[in-house]
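Open the structure in your viewer and keep the selection box ready. This tour goes stop by stop.

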Amino acid sequence: MIPVCRLADLPRGEAFRLETDPPVAVFHTEEGELYAIDDTCTHQDASLADGWLEGCEVECPLHASKFDLRTGAVDAPPARRPVRTHEVVVEDGVIHVRLSPSAPGLPSCAAGRLAGGAG
Amino acid sequence: MRSVLVVGASLAGLSAARALRARGYDGRLVLVGDEPHRPYDRPPLSKEFLAGQADEAALVLEAEDEDLGAEWLLGARAVALDPGARSVGLADGRTVTADGVVIATGAAARTLPGAAARSGVHTLRTLDDARALRADLARGGRLVVIGGGFIGAEVASTAHALGLEVTVVEAAPTPLSGPLGEAMGGVVSSLHRDHGVRLLCGTGVRGTEADGEGRVAAVVLADGRRLPADTVVVGVGARPCTDWLAGSGIEIGDGVLCGADGRTSLPGVVAVGDCAAWYDPAAGAHHRVEHWTGALERPAAAVAALLSGSPGGQRAPRPPYFWSDQYGVRIQFAGRAAGADTVTVEEGAPQGRDVLAVYRRGGVPVAVLGMNRPRSFTRWRKRLAAVTS
């Protein structure tokens, strides 16, 4: 498990970007739930932690695709693939994530960049 | 309602079809598109696709396993609407009749009277336009972009990255002053000069000159200056595709005039996307919104109104939002710059092309511009939505 931050340091309605490879976004919804998904939109290299959080959905900050924080599913273009979801555990007031073992659905530009290629 | 015809098979038409099915409509659904292609994403046409970084498969808007249960009539241009029979005539002579009609015919690139249609002179709106321009840019050389708006600026940025020598010609004193206001239009358009792209403002275009084979060789400005060019792009805006509705009796202004839920002056007919001018209660006027997000989001409200025959009780549309990518800078804008009396830089610095600026009217935020500031931009965009709803 990877420690993220103290629960007290992540107010409701806010997100935390964990600089793993690939990065993970942890959301604290207005309703008080915690969710973790891959931070990079599957359409283009954008950080979902910067996105518009509403209910259990986050809208990519650049375009308009919304991802369901519970399932990773995407609702509308331009993104067409889901993001991975990760398990969130709070222990002793600290948020942790347990990374999904499945392969991430990165956009081609970010995948190239992460593989050391040009963005 | 047992049958719905969607005229237009781009983002707005596709979004309308999706919204119909999402609301449980299970009747006949027909989509008519004048281009031969399935719905595709246009924003990359001036950016990643033009740069050769994205292929045509990346433009597809439908999900792999998506099945809307629709009949697709592609490569079929609508030429007439008969409001009595609620039928649409196609250029090939066919007629499609339906209980409900969604007009989503979009907009077409404007051309310049002086810039004759000749080899090497392009507009950029469709996939076929982008294929042709991409092929010409691959020849390298000198590109003259007529029009310093978003399409022109993005093409200039892409062509510059491809190694072409680029000049942008803009008729107004400052590019983008309409959508962004004078001050921020100046900041954003400074990106050209930052990157060594020549920007000539305040001058119109008289016409183009051809070489011996009829291919464009130069752009001639209104003041007589002659700009040698191997390729020319005309990016001077778009006009709504509403000519085919002449004679139908539908009310037309700058686009199909609609209520705040997309209903037109004809019963059983709604309009969405770039061809539609919805009534904006906040502004007290009709506005045609040519933004991708409007084409994505507004059809849901229009379809609700179409199916119920009355206002859908949907949330008011969010403030208009668009983005642009130029020279590696992410530009985002939400709201309306027109009517703002102050523009304040809240974060960053204009000189660094890294800025968050808020437009206010009487102290109330009405618009926000971000350059490489996605996180704070989203916060301000949410605040704007809260102010206007």
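Is α4(B) largely enclosed by the rest of the structure or largely exposed? Select residues 150–161 of chain B to find this helix. Of its 12 residues, 10 are buried, so α4(B) is largely enclosed by the rest of the structure. Among the buried ones are F150(B), I151(B), V155(B) and A159(B). G152(B), E154(B) and T158(B) are buried too.

Keep the helix selected and check its length. At 1.5 Å a residue, the 12 residues should span 16 Å; the end C-alpha atoms are 16 Å apart, so the two agree. Now step just past the helix to G163(B). There the backbone takes a positive phi of about 100°.

**How far to trust it**

This is a predicted model. Colour chain B by pLDDT. The mean for chain B is 94, and 97% of its residues reach 70 or more. For the complex, the predictor gives an ipTM of 0.82 and a pTM of 0.91.

**The domains of chain B**

Give each domain of chain B its own colour. Domain 1 takes residues 3–108 + 239–308, domain 2 takes 111–236, and domain 3 takes 328–388. Domain 1 is written as two stretches of chain B, so select both. The C-alpha centres of domain 1 and domain 3 of chain B lie 30 Å apart.

**The largest core**

Next, select V7(B), A16(B), V32(B), V102(B), V145(B), I146(B) and V272(B). These have the most contacts inside the largest nonpolar core, which has 86 residues. Which helix gives this core its largest share? Select residues 292–308 of chain B: helix α7 supplies 10 residues. The core also draws at least three residues from each of domain 1 and domain 2 of chain B.

Zoom in on V32(B). Leaving out residues up to four places away in sequence, V32(B) touches nine others if you list them: L5(B), V7(B), A9(B), L73(B), A76(B), A78(B), V88(B), L90(B) and V96(B).

Move to one of those partners, A78(B). A78(B) is in strand β4, residues 78–82 of chain B. Why does A78(B) count as buried? The reason is its 23 C-beta neighbours inside 10 Å, since 20 or more make a residue buried. Beyond its neighbours within four places in sequence, A78(B) is in contact with V7(B), V32(B), V88(B), L90(B), T105(B) and W244(B). Now measure from A78(B) to T95(B) in the viewer. The two are 17 residues apart in sequence and 9.1 Å apart in space, C-alpha to C-alpha.

**Where the chains meet**

Show both chains. How many residues does each chain bring to the contact? Chain B gives 13 residues and chain A gives 12 residues. On the side of chain B, α7 and α8 (374–388) each give two or more residues. The largest share of that side, 5 residues, comes from α8(B).

Then select I95(A), F333(B), F377(B) and W380(B). They are among the 50 residues of a second, separate core.

**Two annotated stretches**

Select residues 2–97 of chain A. An unreviewed UniProt entry annotates them as "domain: Rieske". The span is 0% helix and 42% strand, and its end C-alpha atoms lie 5 Å apart.

Finish with residues 321–386 of chain B, annotated in an unreviewed UniProt entry as "domain: Reductase C-terminal". This stretch is 20% helix and 56% strand, with its end C-alpha atoms 14 Å apart.

Terms used: Residues numbered from 1 in each chain as written. Chains lettered and ligands numbered in written order. Predicted model: local features only at pLDDT ≥ 70, side-chain atom pairs only at ≥ 80, totals over all residues. UniProt positions renumbered as here; feature names shortened; annotations may be inferred. Helix = DSSP H or I, 4+ residues; strand = E, 2+ residues; numbered from the N terminus. Core = buried A, V, L, I, M, F, W, Y, C linked by C-beta atoms within 7 Å. Domains from an automatic or database assignment. Contact = placed C-beta atoms within 7 Å. Expected span 1.5 Å × (residues − 1). pLDDT = per-residue confidence, 0-100.
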